[in-house]
Amino acid sequence: MGAQSKKESPLLAAYLVVGEDALKRNRVMARLRKRLESMGDLAFNSDTFDGQNAKGADIVAACKTMPFVSDMRLVEVENVEKLKKDDAEELVAYLGAPSSTTVLIMMAEKLAKNTRLYKAVSAIGSNAVIDCAPPKRWDLPKLVRGLAVGHGITITEGAAETLISRVGEDTVHLDNELKKLALAHRGIDPVNENEVLEMVSRTVEVKPWEFVDAFAARNVRKCMLCLTQMESTSPHALLAMCTTRLRELICARSLADRSMLHMLPATLGVPEWRVKNHALWARNFTAEELRCFGERHGN
C-alpha cells in the first residue's frame, strides 16, 4: 500500500537525483519521464542542459516556458554540481517560487548537503532528493541476481561474484553484461560461473582481497589465476594480508572451540559481514598448522 501511495504521489516542481550509481539514476529518470509522457508530448515540451557549460538564466527561462498542448514541461540538468556559483544561485532563486507547469530534474554524482542548491531542492518536498548512492560491495551479488531476473534469467551466487570480479562494481556495466548473458543463455538452469568466464571479458584487475579469500579457502587454482591478473599488487603486500588473515583464522578457531564464535567481529574490531566465512575457512587448516603459524609469528 505504501509503495502504491508513493507511486501515485503528485509530481514535485523539482527533483535532485544524486549519487554515483548511474544505473539507478537512469531508472529514476525513466520513471519520471514515463509519468510526464502520460501528460503530453515531451518532444515539444522538454529541454536538456549540461551543468558544465549551461547558464542558470537559460535553465530558468526554460522552466518558465509554458507547455505546448500538454499539462507539463520537463527540464533536465545533467552534472548540476558543475554549474558555476552564479548560475547555481539562479536556480536557487527560481526554486523559491517554481513554475507549476514544469518539472525540473537535476542530476549529480555528488552534491554536498550543505550547499544552497541542495537545501533549496530539499525544501520542495520530502521526496525531492532521490538518493542514488552505489550499493556496498557486499550487497552487489544480491543486486546482480535481482538484475538478472529482470532480464529473464537467474544466476548462481558464485557466477554473480565472478561477474563482479571481471567487470567491476559499476552497475551499468554489470547490467549490460547480464543482458548479453541472457541473450546467450539456453535452458532454465541458472547462469553458472563457467558461462560467465566464457562470455564476459575481464575489464578490471583482480582485487587483493580476492586472492586472500582464495588463500584462506586453500583454493590453489584460484590463487594462481588471481596472480596472473594482479599486475599492480605488490607480493609483499599480499604476504602481509595473508599473514593478517591467518591470524584472524587462529582467533576464529579459538573462539569456535569455546562456542564463542559470535564474539569474533567484536574481538577483531570489524563488521560482521567481514568475517562471515572465517569459521569455514579456519576449518580448512588443522589445529597444528595454525598453531605452528602462531608460534612462528609470536601469536
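Which residues is Thr171 in contact with, leaving aside its neighbours within four places in sequence? We'll get there in Exercise 1, after two ground rules. This is a predicted model, where local features need pLDDT of at least 70, side-chain atom pairs count only at pLDDT 80 or more, and totals for chains, interfaces and linings use all residues. Residues are numbered from 1 along each chain as its sequence is written, and side-chain values use heavy atoms, with hydrogens and water left out.

**Exercise 1. Place Thr171 and list its contacts.**

Step 1: find the element. Thr171 sits in helix α8; helices here are DSSP runs (H or I, at least four residues), strands likewise (E, at least two), numbered from the N terminus.

Step 2: check the burial. Thr171 counts as buried because its relative accessibility is 4%, where buried means under 20% relative accessible area, exposed over 50%, and partly exposed in between (1.4 Å probe, protein chains only).

Step 3: list the partners. With sequence neighbours within four places set aside, Thr171 is in contact with Asp21, Ala22, Leu23, Pro135, Leu140 and Leu143; contact means heavy atoms within 4.5 Å.

**Exercise 2. Describe helix α2: its span, its cap and its buried residues.**

Step 1: take the span. Helix α2 covers residues 22-37, so 16 residues, and reaches 22 Å from first C-alpha to last, close to the 22 Å expected at 1.5 Å a residue. The expected span is 1.5 Å times one less than the number of residues.

Step 2: look at the N-terminal end. Asp21 caps α2 there, with a side-chain oxygen 3.2 Å from the backbone nitrogen of Leu23. That's a polar contact: a pair of N or O atoms within 3.5 Å, where within protein one must be able to donate a hydrogen and the other to accept it, and residues adjacent in sequence count only if both atoms are side-chain atoms.

Step 3: pick out the buried residues. They are Ala22, Leu23, Arg25, Val28, Met29, Leu32 and Leu36.

Step 4: see what they pack against. The buried residues of α2 meet β1 (14-18), β3, β4 (102-108), β5 (129-131), α6 (140-150) and α8 (171-184).

**Exercise 3. Is Lys24 of helix α2 buried, partly exposed or exposed, and what does Lys24 touch?**

Step 1: Lys24 lies in helix α2, and counts as partly exposed because its relative accessibility is 35%.

Step 2: not counting residues up to four places away in sequence, Lys24 touches Asp131, Cys132 and Ala133.

Step 3: the side chain of Lys24 reaches the backbone oxygen of Ala133 at 3.3 Å.

**Exercise 4. Work out the surroundings of Ser165.**

Step 1: Ser165 belongs to helix α7 (residues 157-167), and is buried, with a relative accessible area of 10%.

Step 2: its side chain reaches the backbone oxygen of Thr162 at 2.7 Å.

Step 3: beyond neighbours within four places in sequence, Ser165 is in contact with Arg202, Val204 and Glu210.

**Exercise 5. Trace the salt bridges around Glu248.**

Step 1: set the cut-off. A salt bridge is a side-chain nitrogen of Lys or Arg within 4 Å of a carboxyl oxygen of Asp or Glu, and a search of the whole structure finds 12.

Step 2: start inside the helix. Glu248 pairs with Arg245, the closest N and O atoms being 3.3 Å apart. Both lie in helix α12 (residues 235-257), 3 residues apart, about one turn of the helix, and both are buried.

Step 3: go further along the chain. Arg274 and Glu248 also meet in a salt bridge (3.0 Å, N to O). This pair links distant parts of the chain, 26 residues apart: Arg274 is in the loop between α13 (264-268) and α14 (278-282), Glu248 in helix α12. Arg274 is partly exposed at 29% relative accessible area, while Glu248 is buried at 7%.

Step 4: join everything up. Asp213, Arg245, Glu248 and Arg274 are linked in a network of salt bridges.

**Exercise 6. Analyse the pair Glu177 and Lys180.**

Step 1: the two form a salt bridge, with closest N and O atoms 3.4 Å apart.

Step 2: Glu177 and Lys180 are separated by about one helical turn because they are 3 residues apart in helix α8. An α-helix has 3.6 residues a turn, so residues three or four places apart point the same way.

Step 3: Glu177 counts as buried at 14% relative accessibility, whereas Lys180 is partly exposed at 46%.
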